[in-house]
Structures are given as structure tokens and as C-alpha cells.
Amino acid sequence: MFSRRTDWPLEPNALTREIESRRARGLPVIDLTESNPTHCGFSYDSAAILRALSKPAALEYAPDPRGPREARRAVAAYYEERGVRVDPDQIFLTASTSEAYSCLFRLLADPGDAVLAPQPSYPLFDFLAGLNDLEVIPYPLTYESEWRIDLDGLAARLERANHALGVPGAIIVVHPNNPTGSFVKLEESAALVELSRRRELAIIADEVFSDYALDGQSRLTHAARDAVLTFTLSGLSKISALPQMKLAWIVVNGPEQARRNAVERLEIIADTYLSVSIPVASAAAELLETRRGMQPQLIARLRQNLAELDRRLEEPGAGAVRLRVEGGWYAILKLDAGTSHTDDELATALAREDGVLVHPGHFYGFPDEGHLVLSLLPAPGLFAEGIRKLIARL
Ligand SMILES: Cc1ncc(COP(=O)(O)O)c(C=O)c1O
């Protein structure tokens, strides 16, 4: 009765079972994977948010496949502040970046084709690709004092893809990547553009975390790139820490003809769903504006938790080091060599014995053992307590 694409293993894994069992017994859980900012004790300008959502414009429906123009102007103004001129006609609003991915996969690939995605990275790619009948071809990121795209590894995967796997239609870059916190370097970007040109691939650049550079420096945005067909994704979920508003976007860039062709087709895809809510789109300018109050709070939190983590890891015999983070909301612990447990065993024991939830690296596609992924968003007291227990267990 059901499609093969929904043949997921539905049994909860051991880690989920431990956490559910603790919660069922009323025992506390320190969730070091929490990345929902509305649950992390930040101070939102609630009055401004609620005011923005109750405008008379919310009462009228004038559908536009790209989303209301006023909202697209607000998005263009966001890029303008980063020094990039974007025409509102290059922008498509969507309900989420997940939806944006789906629209682009529909635009760029046929069933059985593939998309290239970094590894380790955002676990949802497998689902998003699978739901659109595409394969993910992972390309490696490697770590040696910092994360880098393994360009030779990428070329090798592409070569193999030609023979054995689906034809790649796009290459995804995540800037900065979740969970490695690494931005795409300028020379990597140049190599990817060259590769995309040669192989007729589009670039999908996920920049949802790009405002969260820990060194405070702003990085290049792909929304300024015209060398190859490029789709830049972002949204309110991270920019203004408002995931519940469900407003994201695609900026389309590229050589003029390719861009025009893409926009015409995307317009029909978007027109099929018209999924953007008018009350939220009418509030876009004000909701984007709230980032000025939110981002400093989040960046301060990321730095504070990172400093606490580092302080704890300096203790003798801590059992792990932290990998370099340039931006985003996550940190990765690399466990000392010789740890006799798998990441799964460790995370499950930590959940069962200490009530602390962390993610084992394989959730994000780490190919080898010895990695735990933590969110840096939890409230500092909770984070410190969780880290204390984690290090005691290591
Ligand atoms: C890399 C990346 N892209 C996109 C998203 C989700 O964004 P949205 O809420 O707009 O779907 C996330 C959420 O964690 C993410 O990590």
C-alpha cells in the first residue's frame, strides 16, 4: 500500500528509548542537542512580533508565486545590508528551507538522479532527497586543525557517480556547515564554481547559519555569485531565531539566460503550492528586524558555552578535544583515541546513567567513530551541568 520511499526503519533507536524511558519516569534530561531557540531562554521582543502579525495586509489574499513583493523587498534589504544587491524578482519565498530544497530538487533533477552533499552534514538531506526520489552522493569534509572540503574526494565521488549512481544535478554547500561549523573557503568556492561549470551542476548554498560567525566577520554570500546557476537559501528560522514563523527563501543567481530559465520554472513549481502564509509574509520586514536583538544574544550564548566547554576540556584526562568551530550553533567533541566504546554506546550510557542527551557523530554522517555533537544553545547553567556529567563519563 505504501511507497518504497517511505520504507523507513520506524523503530526508535536505543538512545531515543533511553530518553523516552527517563521522561516517562519523570526523571530530568539535560538536552545538549536542543537547537530550538524558542526553548533556550532567549529574550524575544514579543510585543513587536505580535504587532507585526496583526496587520490589515494579513486579511487580503493576492497570491504571487514568488511570495508577496513587500516581503521580498525586506529580504533584499537584508542582503543589501551585507553589501549585496538582490532584485526582489530573484527571490522566492517558501515556508522553510526544507521546502526550498524540495522545490530545487524538483527543478534540477529527475527521479533516480543525485545531489552532492557534504559529509558530515545536516541529517535531513537524506530524507529531503529520498522524498524527491533522488540519491545523495556524499562528498567528504576532512579535519586537520580546520575543516576543509576534500576536493579530490569530491572529484572521485563525481567520477564514480558517472558510472554507478544517478546523474548529479546539483551540489549542496552549507555555509557554515552543520555541525562542523566550517564556512566554505574562497579557494574551495572557486574550485566548486569551476567544477559546476564543467559538469553543468547548479550550486545550492544553504546559508541559514551565516550570520553566526563566531569571529564576528561577515563572509561571502553566494547571493552575490553569478558565475554559475546558484540558489542561496536562508530564512527567519535561524536569522531571527524564529523557526515557528515558517518563512524562508531562495535567491536565484547565475548567468542571465540560465537564471531566467530557472526562475520561469521555479515560478510554476511555487505557483503549484503557494505555501507562504500572508500574515507571516506581511510581517517579514519587522520579523527580520528582530534579528538585531536576537543575534547578539545568540552569539553571546554560543561563545559562553564554548568557553565553558573549553574550560572543562582543559582538565587533565578530560578524554576529548573540541574541533575548531567558525560559526553556527554546534560543537564537535573528538574523543581520545583508544576509547573502547562506540559513539552510540557512549551516548546511550550517558542518557541512561546521567540523563544527558548528546548526538553520536554518525547521526551527521561522520564516517568514523569518536565524535559527539553538541548544541551550543542550551541555557548556560544547564549546559555546564551537562558538560560536567559528560566529561565525568568520558
Ligand atoms: C543546515 C540547515 N539548513 C536548514 C535548516 C532548517 O531550516 P528551516 O527551519 O528553514 O527548514 C537547518 C536546521 O537546523 C539546518 O541545520
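How many bridges join strand 11 to strand 14, and in which direction do the two strands run? This tour of a predicted model begins with that pair.

**The central pair.** Select residues 330–335 for strand 11 and residues 371–375 for strand 14; five bridges join these two strands, which run antiparallel. For one point of pairing, pick Leu333: its bridge partner in strand 14 is Leu372.

**The whole sheet.** Next, extend the selection to the four strands of this open sheet, whose order is 10-11-14-13 and whose pairing is antiparallel. Strand 10 (320–322) and strand 13 (359–360) stand at the edges; each has a single partner strand, so one side of each lacks a neighbour in the sheet.

**The helix on the sheet.** Now add residues 291–313, which form helix 12. This helix packs on the sheet and touches strand 10 and strand 11. Compare directions in the viewer: that of helix 12 makes about 150° with that of strand 10.

**The two domains.** Colour 4–43 together with 292–393 as domain 1, and 57–288 as domain 2. The C-alpha centres of the two domains lie 27 Å apart. Across the boundary, 26 residues of domain 1 are in contact with 27 residues of domain 2.

**The contact side of domain 1.** Finally, display the side of domain 1 that touches domain 2. Helix 12 and strand 11 each supply at least two of its residues, and the largest share, six residues, comes from helix 12. Coloured by class, this side of domain 1 shows 15 nonpolar, seven polar and four charged residues.

Technical notes. Residues numbered from 1 in each chain as written. Predicted model: local features only at pLDDT ≥ 70, side-chain atom pairs only at ≥ 80, totals over all residues. Pairing = 2+ DSSP bridges. Contact = placed C-beta atoms within 7 Å. Axes fitted to C-alpha atoms, helices over the stretch in contact; angles between N-to-C directions. Domains from an automatic or database assignment. Nonpolar A, V, L, I, M, F, W, Y, C, P; charged D, E, K, R; others polar.
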